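Let's take a walk through this protein together, one stop at a time. Keep the 3D view open and click along as we go.

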Amino acid sequence: MKSNDWLHGFRHSSPYINAHRGRTVVLTLPGDAIAHGNFINIIHDIALLSSLGVRLVVAYGARPQIQARLDSAGLASDFSQGLRVTSEQQLPLVLEAVGGLRAVLESQLSMGLVNSPMHNARIRVSSGNYVVARPVGVLDGTDFGYTGKVRRVDVSGIESLLELGHIVLLPPLGYSPTGDAFNLSYEDVGSQVAAALKAEKLIAFIDGQGVLDNGGELIRELSARQASERLAQETMANENATLLRAACEACVKGVRRAHIISYVDDGALLEELFTRDGSGTLVSGDLYEQIRPAQVEDIGGIIELIQPLEEQGVLIRRSREMLETEIDGFVVAERDGSIVGCAALYQYPDEQAGELSCFAVDPAYRRSGRGDELLAMIEKLARGHGFRKLFVLTTQTEHWFRERGFEPSTVQELPGPKLAAYNTNRNSKVFFKPLN
């Protein structure tokens, strides 16, 4: 029997296609990705994005290719603070390796074979001196020579090419007003260019799935603050840490989202952009930007989120009519048009207390700190009403609340109206948290 899975997926990708059309996306490709067997599929996916109207900038790296060129010339490589020291003697070889990769990328993006994904693509690729650089200089006694950092980005020059529908290809090189060329970190190029262009997204490729937790599990989402905390733990490999740091910096400077995905997995780029859950790790500037007061239009999404928890007995059942009546007390966490979290604040002004209720987070986002951000928003709203304490009734999540400052209490401590409505059959435990 013929499967129509592709049809269902294609139809449901249309909101994402519409959302990305005309948006600027910066991709960072390490030299290892270009040398990998899956690279041709990444090229095909880049061509598809271009045909869908996505404005693309590709910043590529060349570390293994540079290393191979230096090795063949019998020149030793020195590294310090995660950067290659580039001597005057090595610079021509660096330029040669980088230029060779540029030719490879341009040739791959020029393919148009019949019966291939590139047929009739007719992609125009442009590159040039769009990154102004400065030397790193001397750090801790090490002279980095012709290794540099991004100083300025020619935004108008890049924008003019994007307006013409070109893919802009940026090598890990920068140029100075003195006529010098500098060897740059491609992560720095990608992050700085994405910030300068106010890009919608920065997408970084690595050899793994994304950012992993201490147990080796993929972390689906991090705020820039959470990512910075992970970097401070110094448990990540150098190159992955550099990518995550670049993603954080881009988000702090105004890039809406950064994605860290695999260059090994076929289709990871399309899955990240055109499905709700994506394939890698999303880094966002601030999760508060995705948490907002609920609207009547959100009720369908809230019902879909809380229904499994109602069936498990974790939440009390709420009808659509009840939600419509109480929607002004709800906040929701939204991602790409889908409700992935919700919470409600019920008010007891006579007791200067608020109740946290209907608290739910999609299982896929419980490891990303979404629940903490929803709780923080409810606490903020409660303080805004002048409430001195927040309480919650729970049957199965007492430890989660206790870890966040809620203390066990008794049913008799509930506000009068809540005490009168207390359901003894559920036998919910009561926890209070003072709001300072």
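Leaving aside its neighbours within four places in sequence, which residues is tyrosine 130 in contact with? Before you go clicking, bear in mind that this is a predicted model. The contacts of tyrosine 130 are Arg152, Val153, Asp154, Gly157, Ile158, Leu161 and Leu170. You'll find tyrosine 130 itself in the loop between strand S5 (125-126) and strand S6 (131-135). Its relative accessibility is 14%, and because buried means under 20%, tyrosine 130 counts as buried. For a sense of spacing, take leucine 169: it sits 39 residues from tyrosine 130 in sequence, and the two C-alpha atoms are 9.9 Å apart in space.

Next, the nonpolar interior. The largest nonpolar core has 41 residues, and the ones touching the most other members are Leu29, Ile46 and Leu269. Let's pick isoleucine 46 and look around it. Setting aside neighbours within four places in sequence, isoleucine 46 is in contact with Leu27, Leu29, Leu56, Leu109, Ile167 and Leu269. There's also a second, separate core, this one with 40 residues, including Leu184, Ala199, Ile219 and Leu222.

Now slide along to helix H8, residues 186-196. Of its 11 residues, 10 are buried, so helix H8 is largely enclosed by the rest of the structure. The buried set isn't just greasy side chains by name: Glu187, Asp188, Ser191 and Gln192 are among them, along with Tyr186, Val189 and Val193. Just after H8, look at the backbone of lysine 198, which takes a positive phi of about 55°.

On to the pocket. The second largest pocket holds about 770 Å³ of space. Its lining is made up of 34 residues, and those nearest the centre are Val314, Leu315, Phe359, Leu393 and Thr397. Which elements give two or more residues to that lining? They are strand S19 (338-348), strand S20 (353-361), helix H14 (370-384), strand S21 (389-394) and helix H15 (398-402). S20 provides the largest share, with seven residues. Sorted by class, the lining comes out as 17 nonpolar, eight polar and nine charged residues.

Stay with Phe359 for a bit, since aromatic rings are our next topic. A search of the whole structure turns up seven aromatic pairs. In one of them, phenylalanine 359 pairs with tryptophan 400 in a tilted arrangement, 5.4 Å centre to centre with 45° between the planes. Phenylalanine 359 lies in strand S20 and tryptophan 400 in helix H15, so this pair ties together parts that are 41 residues apart in sequence. Are these two rings buried or exposed? Phenylalanine 359 is buried, at 18% relative accessible area, whereas tryptophan 400 is partly exposed, at 24%.

Phenylalanine 359 also pairs with phenylalanine 401: the ring centres are 5.9 Å apart and the planes sit at 50°, so this pair is tilted. Here too the pair links distant parts of the chain, with phenylalanine 359 in strand S20 and phenylalanine 401 in helix H15, 42 residues apart. Phenylalanine 401 is buried, with a relative accessible area of 3%. Put the rings together and you get one aromatic cluster, formed by Phe359, Trp400, Phe401 and Phe406.

Phe406 leads us to another residue, phenylalanine 391, which touches it. Phenylalanine 391 has its place in strand S21, and at 0% relative accessibility it counts as buried. Beyond residues up to four places away in sequence, phenylalanine 391 touches Tyr348, Ala353, Gly354, Glu355, Leu356, Phe406, Leu414, Pro415, Lys418, Phe431 and Phe432. For contrast, try arginine 245: it is 146 residues from phenylalanine 391 in sequence and 38 Å away in space, C-alpha to C-alpha.

Last stop: serine 428, found in the loop between helix H16 (416-420) and strand S23 (429-434). This serine is buried, with a relative accessible area of 9%. Leaving aside neighbours within four places in sequence, serine 428 is in contact with Leu393, Thr394, Thr395 and Tyr422. You've already met Leu393, one of the residues nearest the centre of the second largest pocket.

Key
Residues are numbered from 1 along each chain as its sequence is written. This is a predicted model: local features need pLDDT of at least 70, side-chain atom pairs count only at pLDDT 80 or more; totals for chains, interfaces and linings use all residues. Side-chain values use heavy atoms; hydrogens and water are left out. On a 1 Å grid over the protein atoms alone, a cavity is a set of points where a 1.4 Å probe fits but cannot get out, and a pocket is an open set with protein on both sides within 12 Å along at least five of seven lines; lining residues have an atom within 4 Å of a point. Grid points are joined across faces, edges and corners, and a volume is the space filled by probe spheres set on the points. Helices (H or I, at least four residues) and strands (E, at least two) are DSSP runs, numbered from the N terminus. Ala, Val, Leu, Ile, Met, Phe, Trp, Tyr, Cys and Pro count as nonpolar, Asp, Glu, Lys and Arg as charged, and the others, Gly among them, as polar. Buried means under 20% relative accessible area, exposed over 50%, partly exposed in between (1.4 Å probe, protein chains only). Contact means heavy atoms within 4.5 Å. A nonpolar core is a set of buried Ala, Val, Leu, Ile, Met, Phe, Trp, Tyr and Cys residues joined through side-chain atoms within 4.5 Å. Rings of Phe, Tyr and Trp (its six-membered ring) pair if their centres lie within 6.5 Å; planes under 30 degrees apart count as stacked, over 60 as edge-to-face and the rest as tilted.
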